[in-house]
Structures are given as C-alpha cells and as structure tokens.
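Hi everyone, thanks for making room for me today. I'd like to walk you through a structure that may be new to you, so let me put it up on the screen.

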Amino acid sequence: SLTVRWRGPLPAPRLLRRSDVPKGRRLGGRVRARLDEDRAEAEAEANRVTGPSPPSRSSGEDDLRASLPSFDFSELSGRYQVILGIAIAFVICNMDRVNISVAVIPMAEDYGWTPTQAGLIQSAFFYGYLLAQLPGGWLANKFGGEKVLPFGVFLWSAATFAVPFLAGDVGPLYLSRAAVGLGEGISPPAAVDIIAKRVPVNERSRATTFVFGSMHAGTISGLLVAPLLIRVLGWPSVFVAFGAVGVVWCIWFERFFSLNRERLDEDLQAVGAAAGDSSTVGDNGDNGRVPWGAIASSTPMRALTYIHFCNNWAQYSILAWLPTFYKDELGMELHEAAQLALLPALAGIAVSFVAAPLADNLVERGVGVTRVRKLMQSVAFAAPAACMLACLLRGEESPHLVTWLLPLGIGFQAFSLAGLYCNHQDISPKYASILSGATHLVASLPGVFGVPFTGWLLDHTGSWSFSLFVPCLFFYLTGIGVYAKWGSAEQVDFNLKS
C-alpha cells in the first residue's frame, strides 16, 4: 500500500456551520447532530496532534489574581531589604527572651527548683543585657552594625541552644541565660547604627518602628509556639528549635551582605549624600575616639535617657505583674490571665501601624522633627496614664474595664517607637549606637530593680493601686514634662563640644 507522509501543518478540519444551511430552512435534528459530530471530531483531531489545550480562565479569575498582593524580596531597595532582615532578627530576639518564662515551669518540676532558683535563672538575662549596652554601642560605632548584629544573634542563639545541655547544673544554666542577655543587649545599638546610616530622616520612624515593633511579634510567637513544642516534644525542643532558627538567620544575613555588598554600599552613599552628612558614610569618629564627656553633658541626651527609663519602668513592671494582677485582684484563672497577657503585644502591633506613618508624614509635610518626636512621645505616655487613671477611678465598679484598659494603655506606648527610639539617630547619626547603648543601659534598671520593687511595695501595702499604678503614673507624667522642656531632635556635633 502507498503511504503519504504530510510534512507541513495539518489543514484545519472543515466544519459544517450554521451559515451553510440555506436561509429559510429549518435546522432539524439531523443537522444539529451532524454539527455536534463534526465539532467533536475536530477537537479530538486537534488534541491528538497538539495535545489538549489548557482550560481557559475567566476574566473574573484573572482580575482576582491581579488584585492579590504580591511580594518579591529582590525588588525591594537595598535599605528595605536590610531593615526587613533586621526585623526578622528581632522577632527571633524576643522569642528567645520569653521562651524561658514558659519552659521554666516543666524545668522546675524536672529538677526540683524552688521559686527563688527559678526566679534567679529568669533574672540572669537582665544582668547580661545590662552589661552589654555600652560595649554594644561602642562595638557598633567602631566596626559597624552590620558586623555586630550577626555576632549578637549568634551569641544569644548558641546560648539558647545550649540550655538543655546545661540545665542539670544551675550555675552554667545561669551563665547561659546571661549570655542570651549579652547577645540581645548588643543588638539594639547595632540596629540603631544601621538605621541611622542607611535610612533618611523622613523614613526613620517607619524603619525604627518596623524593627523594634517586630519584638511584639516575637513575644506573641514565642508564647504561642513554646507551649506547643513542650506538649509535643518536651521542653528541650523549645531551646533547640529557637536557637537553630537564630543560627540560620546569621548564615543568611552574612551571605546576603557578601552577595550584595556593592549595591548596598551605593545605597548607603546615596542616603548620606542626600542627608548632606558625610558622617553617615563609613566615618566612625575622629581616630576612633568617642566624646564621652560631651555626650554625658548633653541636655537633650539626659532628657532622652530619663524618658527611656520612664518608658521601661512602666513596660517592665506592668508586663511582669499583669498576669498576677488578673489572677489575684480580678479572680481570673491562670490560663485566662496568661492569654490576656498577650494583649499588650497585640495592641502594640496595632498602634505601631498608626504611629510610624503618622510621624513620617508629618516630617514630610515640613513639621519640625523635634515637634514630631515630642508629639509622639507625649501620646505614648499620656494615653496609658489616662487608662490607668480610669482603672483607679472605676476599677472596683467595672473590673472588665480594667481587663481591657491596661493592655490598651501599654499598647499606646508603641508611639515611643516614633518618639524616643528615633531620637538617638536624630541627635547624632554618627554616634547613634553609642547614644542608644547609654540610654538602654539606664533603661534596663527597671528590669533588674523595678520589678522586685513593685513586689516589695505590694507586700508592704497590699494595694495594687499604690504598688503598680502610682509609680507608673509618676514616671509617665514626669517623663512628659522633662521631654517637653529639654528634649530635642536637633543634630549635635559632639566632637566640637569635646
């Protein structure tokens, strides 16, 4: 038999169309059947040659896909990529900070710790955190925040990872938690150094709020994930998993900077040139000498140090005692009190989405930076003070009002992220890490002394109002007055004053 092989494209099958039927004649059942048969044969032939065609999507589905938000990390500018990476580090930071508060319960049962031993182990963090502040600021100023931050993350992650292997001996365990504090203590000055040098002033509130506000997300994540890991794998899994995440971040961050060094340096130069401040670009002082005397004698710096202390007194004391207050004063169950303790972090996240864009928009509209910082900080202190006053006046009549007002008030302190937390960079981009370390040093004292002092007052007075609310109100109100009188966001050349 003779076989003919066709080399060209197949001719389109000839279909019988409705137009082939003469006008005026009725399209009968046989003709319809013929049309259906021809259409089915044509589709089968096309599928045999070219494969089945993909199903067509409706325009509505295309519109829906186009409307969905998309995120591509590679399309972000260099400074935004860096800020996002730092924010992730601070999520891990607070996860490793709060994990002990959950894991200490089964650990104490396994090792027979007394409440005093458990309390000392938890407090070890603050001693390392306190000692690391000024050295962390000096290191970031000397070597750059990009180098110091990964070192801090690795230190606290390795110390966290080691906890299950040291828990049998209280001494080494205490040192490991202090090492967590050391690593986390040098990280804020490093982050401030990076933001001061890489972010222009009209974006500074959003960058600072995004980085330090991510600690709220870390608190929530740690308090939610740790109990699940303990229930499924036991308490050692919390420290192993959280520590491993931090080590992975260090590897990624170092690789990211090594692959993008040239592009990131160009972005750094552009920000410094736009600000008209060469000190933001690779200059860390005159021959490495830090003007400590000029910094210590600066009036705006002293005001900033005091309001940072006031901010942390309220935050540390309320967060530490809030579950106990709910349980003892309002008669809640322990699990209910623990769940409500998450509310300040949730409120802080919500408030930060308002505070940061508001502050930067005001700066972009020409409002003075000093005025913006004072406005943000006044709201950060006045709003929680008003909530506490309402609790004092109406707390006995409406206990449910207290349940929600206290976390809401602490949430309003997130306005500080657009206030005092940006002020170090405003005063001196060159020495921002040093200023941050100095104020964090003083602001760490409430964690070491303020929390037990609140307990001492409670033991001697038996009054939650006097022991918890009154000191916080004092620091809120005096902080507003001090910052309004002596606070400033004007740049200071400390080298000229030294």
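I'll start with the whole chain, then go to the cores, a couple of buried serines and the aromatic rings.

One thing before anything else: what you see is a predicted model. The average pLDDT over the chain is 80, and 77% of the residues reach at least 70. Two stretches deserve some caution. Over residues 21–27 the pLDDT stays under 50, and the model gives that stretch five contacts beyond four places in sequence. Residues 64–68 also stay under 50, with one contact beyond four places. Where pLDDT is low, the predicted coordinates should not be read in detail.

Okay, the overall picture. The chain has 22 helices and zero strands. It runs to 498 residues, and 50% of them count as buried. About 24700 Å² of the chain is exposed, with carbon and sulfur atoms supplying 62% of that. And if you take the contacts with a separation of 6 or more, 82% of them are between residues 24 or more positions apart.

Now, the inside. Which residues touch the most other members of the largest nonpolar core? They are Ile86 and Phe212, in a core of 95 residues. Helix H13, residues 299–328, gives this core its largest share, 13 residues. Looking past its neighbours within four places in sequence, you'll find Ile86 in contact with Leu149, Ala191, Ile194 and Val211. There's another core apart from that one, with 20 residues, including Ile100, Ala103, Ala226 and Phe239.

Next, the serines. Is Ser205 buried or exposed? Ser205 is buried, because its relative accessibility is 0%. You can find Ser205 in helix H9, which covers residues 204–233. Beyond four places in sequence, Ser205 is in contact with Ala356, Ala359, Asp360, Arg373, Ala418 and Cys422. Also, the C-alpha atoms of Ser205 and Asn361 are 9.6 Å from each other, with their positions 156 residues apart along the chain.

The other serine is Ser436, in helix H19, residues 432–443. Ser436 has a relative accessible area of 0%, so it's buried too. Leaving out residues up to four places away in sequence, Ser436 touches Pro188, Pro189, Val192 and His424.

Last stop, the rings. How many aromatic pairs does the structure hold? There are 23 of them. One of them is Trp235 with Phe239, an edge-to-face pair at 6.2 Å centre to centre, with 80 degrees between the planes. Both Trp235 and Phe239 are buried, and Phe239 is the residue we met a moment ago in the 20-residue core.

Then there's Phe381 with Tyr476. Why is that pair called tilted? Its planes sit at 50 degrees, with the ring centres 5.5 Å apart, so it counts as tilted. This pair links distant parts of the chain: Phe381 is in helix H16, residues 369–394, and Tyr476 is in helix H21, residues 464–486, with the two 95 residues apart. Both of these rings, Phe381 and Tyr476, belong to buried residues.

Some rings join up further. Ring pairs link Phe309, Trp313, Phe453, Trp456, Phe474 and Phe475 into a cluster. And there's a charge over a ring as well: Arg97 lies over the face of Tyr129, 5.1 Å from the ring centre.

That's my tour, thanks for listening.

Key:
Residues are numbered from 1 along each chain as its sequence is written. This is a predicted model: local features need pLDDT of at least 70, side-chain atom pairs count only at pLDDT 80 or more; totals for chains, interfaces and linings use all residues. Side-chain values use heavy atoms; hydrogens and water are left out. Rings of Phe, Tyr and Trp (its six-membered ring) pair if their centres lie within 6.5 Å; planes under 30 degrees apart count as stacked, over 60 as edge-to-face and the rest as tilted. Buried means under 20% relative accessible area, exposed over 50%, partly exposed in between (1.4 Å probe, protein chains only). Helices (H or I, at least four residues) and strands (E, at least two) are DSSP runs, numbered from the N terminus. A charge sits over a ring if NZ of Lys or CZ of Arg is within 6 Å of the ring centre and within 35 degrees of the ring normal. Contact means heavy atoms within 4.5 Å. Accessible areas come from the Shrake-Rupley method with a 1.4 Å probe; for residues, only the protein chains shown count as cover. pLDDT is the predictor's confidence in each residue, from 0 to 100. A nonpolar core is a set of buried Ala, Val, Leu, Ile, Met, Phe, Trp, Tyr and Cys residues joined through side-chain atoms within 4.5 Å.
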